[in-house]
Amino acid sequence: MDQRYKTYMTLPGLHAGMLTPEQLERLAKLVQDYDIPGIKITSAQRIALMGMDPERLSALQQDLGIEPAPAGGHKRVHYVQACPGKTWCKYGVVETLGIAKKIEQLELDGPLPNKVKIGISGCRMCCSESWLRDIGLIGERKGWRVIFGGNAAGRPRIGEELAVGLTEDEALELIRRALNFYIREARGKTRTARMVERIGIDAVRQAVRGPLGPYPHKADRATAQQELQEDHMKSVRKIVEIDEELCDGCGLCVPDCAEGSLRIIDGKARLVADKLCDGLGACLGACPTGALKIIEREADEFDEAAVEEFLKAEQTKAQNRPAEQQLGCGCPSSNLQTFQAMSDLRPALSPCQSANAPNRIAPGQAGSALTHWPVQIRLIPPTAPFLENADLLVAADCTALAYANLHQDYIQGRTVMMGCPKFDDQELYVERFTEIFKTRKLKSLTILIMEVPCCHSMLQIIKRALDAAKPSFPVKYAIVSLQGQLQQEQSM
């Protein structure tokens, strides 16, 4: 190549940029012997030996084993850029160097109209910039994706798919056909990008693929297009990973995930969908067992629009649940009921009803202070009449067994809602409490939980609902130890 100041540079050909130790040692010796002042690794993964005296150029080329390029062009591709592939890279899903060498050896029908740049990437991270090359290959688990007509020069153009899901032999044959089509249809020294702009990518597909269009072995193009969109959405990125052996299902991570991508399912934290996780790790600090960590893996791209749609759908779903679903399964035991004190009810009740009605209890007496049914959070709709003007007690299930004076100290005079944040749907809890705080006039709210980690997520659930509804009533909470001892109440 003729350079400024009457000097030259030569580009030793490398197969996909790979060098053996012996080749590198030989090249270093020649650089010293010929006193070459400049060495540059090019974007094409070649080595530029710059500043050569033209009188010594032929001798150096002979020592390097370089054949001068023919004046009228060539019938083989000489520019193939490839990433290391799965042999050398942890992200690679296919081997790239073998197919790069085979592309270099493809025999074409005639000389190429202009330079052809080929980029081969072993995964969707596309380190070889396959979308910006005349020919691009992207390795995927389902096979090779072949791109055509990309360009990164003064008029950049993103290439377009010729086919997806190809075997190596199919990909090589398709590339050969595409380059021969380029040889026939290019006008002058037009690059592939300009040719595609002139005749359209469909014409190229039709010529090299046939009537089925760009997708191999796919009679149903709608199905193929859907698969293509799903492939595009995946990349190697940061995302949350959950160690099920370490996860105790406490649910503390769920409220900290503003995107709603975490749920407690079957007693373990689960990722609802990859696209709902932003990978920033806001949930990690809440996990007491270290079950959560951020890793890099192939996953759907984070989709903010999908998050908004998902959260909105969850809220709508909760608001639109039929009454029989809001109250559990619709069985008689989940019907809303309000009880009064025995002295008020006894004259109007049958002996059977009186025997089943709970009592108001005095200190030192045994009995139930419950005034309504049901008591489970997921069974009580926001429209339940006993919530209006109530002093509300939200109690974790286990407190009923651990705290001996629960009825006398907490249930008496209060409306009760009980649940387990570890095993129930925490998002349903947030939605339920938010609606209650917005639509019911409460006098006060008391929260009673156990000291175990999973119970503390109840405080986070309530806090989220309070932040959303912004009510004005006082809120306090108390914690019960495993031995049934009550800690001092605190304001929230």
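The following dialogue treats sheets, burial and salt bridges in a predicted model.

Student: Where should one begin with the open sheet, and what is the order of its strands?

Tutor: One begins with the strand order and the pairing. Here the open sheet has five strands in the order β16-β15-β17-β18-β19, and the pairing is mixed.

Student: Which strands stand at the edges of this sheet?

Tutor: The edge strands are β16 (415-419) and β19 (490-491). Each has a single partner strand, so one side of each is left without a neighbour in the sheet.

Student: How many bridges join β15 to β16, and do the strands run parallel or antiparallel?

Tutor: Strand β15 (residues 391-396) is joined to β16 by five bridges, and the two run parallel. Within this pairing, Ala395 has Met418 of β16 as its bridge partner.

Student: Which helix packs on the sheet and touches β15, β16 and β17?

Tutor: That is helix α15 (residues 426-439), with β17 covering 444-450. The direction of α15 makes about 165° with that of β16. Helix α16 (residues 453-469) lies across β15, β16, β17 and β18 (475-480), and runs at about 155° to β17.

Student: How does one read a salt bridge, and which residue meets Glu427 in one?

Tutor: The general idea is that side chains of opposite charge can pair when their charged atoms come close. In this model, the side chain of Glu427 meets that of Arg464 in a salt bridge, at 3.0 Å from N to O. Glu427 belongs to helix α15 and Arg464 to helix α16, so the pair ties together parts that are 37 residues apart in sequence.

Student: Are Glu427 and Arg464 buried or exposed?

Tutor: Glu427 is buried, with a relative accessible area of 6%, whereas Arg464 is partly exposed at 24%. The cut-off for buried is under 20%.

Student: How many salt bridges does a search of the whole structure find?

Tutor: The search finds 24. One of them joins Glu244 and Arg270, whose closest N and O atoms are 2.2 Å apart. This pair links distant parts of the chain: Glu244 is in the loop between β9 (234-242) and α8 (253-256), while Arg270 is in strand β11 (residues 268-271), 26 residues apart. Glu244 is partly exposed, with a relative accessible area of 41%, and Arg270 also counts as partly exposed, at 22%.

Student: What is the N to O distance in the salt bridge of Arg157 and Glu160?

Tutor: The side chains of Arg157 and Glu160 meet at 2.5 Å, N to O. Arg157 is buried, with a relative accessible area of 13%, while Glu160 counts as partly exposed at 24%.

Student: Why is strand β8 described as largely enclosed by the rest of the structure?

Tutor: One reads this from the burial of its residues. Strand β8 (residues 160-166) has five of its seven residues buried, so the rest of the structure largely encloses it. Val164 lies in β8 and counts as buried, at 16% relative accessibility.

Student: Which strand is joined to β8 by four bridges?

Tutor: Strand β7 (residues 143-148) is joined to β8 by four bridges, and the two run antiparallel. For Trp144, the bridge partner in β8 is Leu166. The C-alpha atoms of Val164 and Ile147 are separated by 9.0 Å, the two residues being 17 apart along the chain.

Conventions. Residues are numbered from 1 along each chain as its sequence is written. This is a predicted model: local features need pLDDT of at least 70, side-chain atom pairs count only at pLDDT 80 or more; totals for chains, interfaces and linings use all residues. Side-chain values use heavy atoms; hydrogens and water are left out. Two strands pair if DSSP finds at least two bridges between them. Contact means heavy atoms within 4.5 Å. Axes are lines fitted to C-alpha atoms, for helices over the stretch in contact, and angles run from 0 to 180 degrees between N-to-C directions. Buried means under 20% relative accessible area, exposed over 50%, partly exposed in between (1.4 Å probe, protein chains only). A salt bridge is a side-chain nitrogen of Lys or Arg within 4 Å of a carboxyl oxygen of Asp or Glu.
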